[in-house]
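Here is a short briefing to read beside the structure. Take the topics one at a time.

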Amino acid sequence: MSEVYFTPRKSSWNNSMIDKVETLIGKTGLVSSINPNDTVAIKVHFGEGGLTTFLRPVYARPFSDAVKKAGALPFLTDANTIYKGTRCDGVNHLKTALKNGFVYSVTGAPVVIADGINSRNFEEVEVNGKYFKKVKIAGEAQRAKAMIVLSHFKGHEIFGFGGGIKNIGMGLAVKEGKLTLHSTTKPKIKKNKCVGCGLCVSWCFRDAIESKDGRCFINKERCSGCGQCIMVCPHKAAVFKWQKDFSAVQEKTAEYALGALKNKKNKTWFFNFLLDITPECDCLSYSDSPLVGDIGILASSDPVSLDQASYDLVCRAAAMPGSKADGALIGEDKFRKGYPQADPEALLSYAQKIGLGERKYTLEKL
Ligand code: SF4
Ligand code: SF4
C-alpha cells in the first residue's frame, strides 16, 4: 500500500496554492532524493495552442526552486506528438511552450524538448513486457538523473483519464513509440452521422481520411489510431470500435511508463493537479467546461496509487451542471459520461501487475 499526500483546493491568504505545493514537496522528501549536479527532468504538458486549461506555468516554479536549492539542474520537458498540431516537432513545440507562458522568468527552469527536433533523440530501454521487449524513451528525459512528473488530471477518450502513468508512458514515447502504442486502435466514421465537413481530414496527420460523396472514410492501412479525428469531430461521427482496443493501448502505455522509470528508482516523484478537470486531454486546441469543481493536488512516489486516488476523488465529486458530466451521480465515473467506452481499468490493473505501483493507497490529507 503506497502513501498519497493530498492538499485540497481551498486556500487562504496565508496558505496559497503555491504554499500548498511547497508543503507537498516538503512532505514527499523529493529534495533529499536529488544529488548536487543531478539533471532533473520536470515532465509537464505545455498545452496545445488554443488550450487554456493546461497546468499553469507558475506551478512549476516551486519545483524548480526546490531542485536548485539541492544544487541540481532542473529543466521542463515533454516529447513531440504524432498528430498535426502545434507540438509535432521540436521547434514548434518550443514555440508553443513559450507562447503558453513556460518562460524562465515564471518557471525558473529552461524548456528542453526531450526527443529533439525530429524525435530522433531517444534511448532504448529493456522492459521485456507482453507487448515490447524494448521501448524508445525521449533521450533527454531518459538520461536525466531524476524526474518530477507534473500532471494535469483530466479526461481522455482512450484512457478514461490522463494522469501520471499516461504522462510518462505516452508522453515520453518518441514518435515511433507513440505510433506503436496506438496501432491497435483504429476508429471508424459513422455513415449516418458524418456531414462531410472535412474537419477531421485537415487534422489527420497521416492523410488517412478520404472524402467521397459528401462523407468521409478512414483508410485503415494509413491510420495510426491516434484518435484525433474522434476528438475533433463536432458530430460524434468518428468513433472507436472495441473495448479490447483500448485495453491494449492502455497496457502498452504502462510498459512504456515502466521503461521511462527504469533508471530512476527512488528518484521520481509524481504530482497530479486536480484543477480544471476537463473532459478531454490537453492535446486539443480548446478547453471544454470542467466535469467537476477543482479538487486539489496529490503527490506520491507511486504513479498507480496516485492515479487511482485521483480517479476515486473525481468519481466521488459532484458533477458540474452544464458540463459533459451533468447528470452523473456521486460515486459515478464522470469521465465516462463523455466517452462511455473509455474504462481505465486495464491501465490501472496492468500497471500494478507489471510492478509500476499498487492500486491500494493511504490518503494523507495535509
Ligand atoms: S469531422 Fe466528423 S462530420 Fe466532419 S467530415 Fe469528419 S467525421 Fe464527418
Ligand atoms: S484517421 Fe483518425 S485515428 Fe487515424 S491517423 Fe487520422 S486522425 Fe488519427
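**Salt bridges**

In this predicted model, Glu364 and Lys27 form a salt bridge through their side chains, with 3.0 Å from N to O. The two partners come from distant parts of the chain, 337 residues apart.

- Glu364 belongs to strand 16, which covers residues 361-365.
- Lys27 belongs to helix 1, which covers residues 17-28.
- The structure holds 16 salt bridges.

**Two domains**

- The domain assignment splits the protein into domain 1 and domain 2.
- Domain 1 is written in two pieces, 2-183 and 242-365.
- Domain 2 covers 188-239.
- The C-alpha centres of domain 1 and domain 2 are 28 Å apart.

**Where the domains meet**

- On the domain 1 side, 16 residues are in contact with domain 2. On the domain 2 side, 13 residues take part.
- About 1200 Å² is buried between domain 1 and domain 2. Carbon and sulfur atoms give 61% of that area.
- Three residues, Tyr83, Lys84 and Glu157, supply 39% of the area that domain 1 buries against domain 2. No other three residues supply more.
- The side of domain 1 that touches domain 2 has nine nonpolar, three polar and four charged residues.
- Which links are counted as zero across this interface? Salt bridges between domain 1 and domain 2 number zero. Residue pairs in polar contact, both at pLDDT 80 or more, also number zero between domain 1 and domain 2.

**Around ligand 1**

- Ligand 1 has 13 residues around it.
- Which of them come nearest? They are Cys194, Cys197, Gly198, Cys200 and Cys233.
- By class, the shell around ligand 1 has ten nonpolar and three polar residues. Charged residues are absent from this shell.

Definitions and conventions. Residues numbered from 1 in each chain as written. Chains lettered and ligands numbered in written order. Predicted model: local features only at pLDDT ≥ 70, side-chain atom pairs only at ≥ 80, totals over all residues. Heavy atoms only, no water. Domains from an automatic or database assignment. Contact = heavy atoms within 4.5 Å. Buried area = accessible area lost by both parts, 1.4 Å probe. Salt bridge = Lys/Arg side-chain N within 4 Å of Asp/Glu carboxyl O. Polar contact = N/O pair within 3.5 Å; in protein donor to acceptor, adjacent residues only side chain to side chain. Nonpolar A, V, L, I, M, F, W, Y, C, P; charged D, E, K, R; others polar. Near = heavy atom within 4 Å. Helix = DSSP H or I, 4+ residues; strand = E, 2+ residues; numbered from the N terminus.
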